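User: I would like to know how some labels for this model are justified. Please set each value against its cut-off.

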Amino acid sequence: MKQKDQLHCKRLVVGSATHLQIEEVADFYLLYHDRDRHELIHFLRKQDYINVFRSRRLGIVKGFVTMKRFHIQLQGSKAIVIYPGLGVINPTYRGQYIVERTGLKEYLAAKIRHPLTKCYFALTVLSHFGYRKIYRSVSTVWPHPIHKTPKDIQYLIDHAGEYLSAPGRWDSENGIIRGFDSKRLKRSAAALTSSRLADPIVRYFINRNPGYESGDTLLCIARLTLYTALPTFGKPRKEGRI
């Protein structure tokens with residue numbers, strides 16, 4: 001039986017990255033998304049760093065996740081918000097939980113530096129399969145198909161949305177970044193099959209964000225603690241009814 005190719009990760013500090021390194025990441029992203037190249041490179045340059053995943057066998061890029069960290073005052077105290085802004089993994093490698101393990105490392109690094117500070121992930125979710133993956137992997141995420149968003153989380157969503165959006169693009173009423181940086185999901189990646197439409201999680205996302213094919217993006221928040229971090233970034237939890 002042929003052994004599956006593994007990936008290795010290298011953190012690219014954006015401030016010291018070369019033009020060719022950023023171009024390589026942009027080239028990979030554009031295989032899956034329609035987006036203005038100049039705008040994409042400008043976005044990548046505004047991130048703190050990029051986790052780049054390469055094939056151990058071939059040495060070529062097979063995925064990446066950008067990371068940015070910021071703080072928001074929440075109920076009189078500081079909260080850490082970790083934002084993995086863009087992330088793409090070649091479908092061949094999705095079963096290796098690459099992004100999840102990277103998120104766990106980022107969370108643990110933040111807690112080591114700020115052990116008493118609440119920590120959240122802000123997730124800009126463009127596609128129905130992206131929301132479904134988050135729903136299956138994260139123990140608690142808002143907005144949620146069943147549970148009402150708590151007031152403090154709604155406050156966090158609003159402020160994170162303002163922080164992450166270009167002027168005039170944050171729709172606070174619906175929790176959506178309109179035309180998120182002109183990001184467009186290719187139709188081949190966003191295709192809806194009858195089996196996907198039968199999935200209540202997929203239908204929930206489409207109802208919440210009907211403009212997803214045009215680049216409208218649902219902003220989600222996940223609260224992490226040491227108790228929830230391991231299940232969150234481990235294997236997806238079992239399916240449950242909604």
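Analyst: The answers below deal with burial, contacts and strand pairing. This is a predicted model, in which local features need pLDDT of at least 70, side-chain atom pairs count only at pLDDT 80 or more, and totals for chains, interfaces and linings use all residues. Residues are numbered from 1 along each chain as its sequence is written, and side-chain values use heavy atoms, with hydrogens and water left out.

User: Why is Thr217 called buried?

Analyst: Buried means under 20% relative accessible area, exposed over 50%, and partly exposed in between (1.4 Å probe, protein chains only). Thr217 has 0% relative accessibility, so Thr217 counts as buried.

User: Why is Val61 called buried or exposed?

Analyst: Val61 has a relative accessible area of 10%, and therefore Val61 is buried.

User: What makes Glu24 a contact of Val61?

Analyst: Contact means heavy atoms within 4.5 Å. Leaving aside neighbours within four places in sequence, Val61 is in contact with Glu24, Phe28, Val52, Phe53 and Arg54.

User: Where is Thr217 placed?

Analyst: Thr217 is in strand E12 (residues 217-224). Strands (E, at least two residues) are DSSP runs, numbered from the N terminus. In E12, 7 of its 8 residues are buried.

User: What makes E7 and E12 a pair?

Analyst: Two strands pair if DSSP finds at least two bridges between them. Strand E7 (residues 118-125) is joined to E12 by 7 bridges, and the two run antiparallel. Thr124 stands opposite Leu219 in E12.

User: How many bridges link E10 and E12?

Analyst: Strand E10 (residues 176-177) pairs with E12 over 2 bridges, in the antiparallel sense. Ile177 stands opposite Thr217.

Conventions:
Helices (H or I, at least four residues) and strands (E, at least two) are DSSP runs, numbered from the N terminus.
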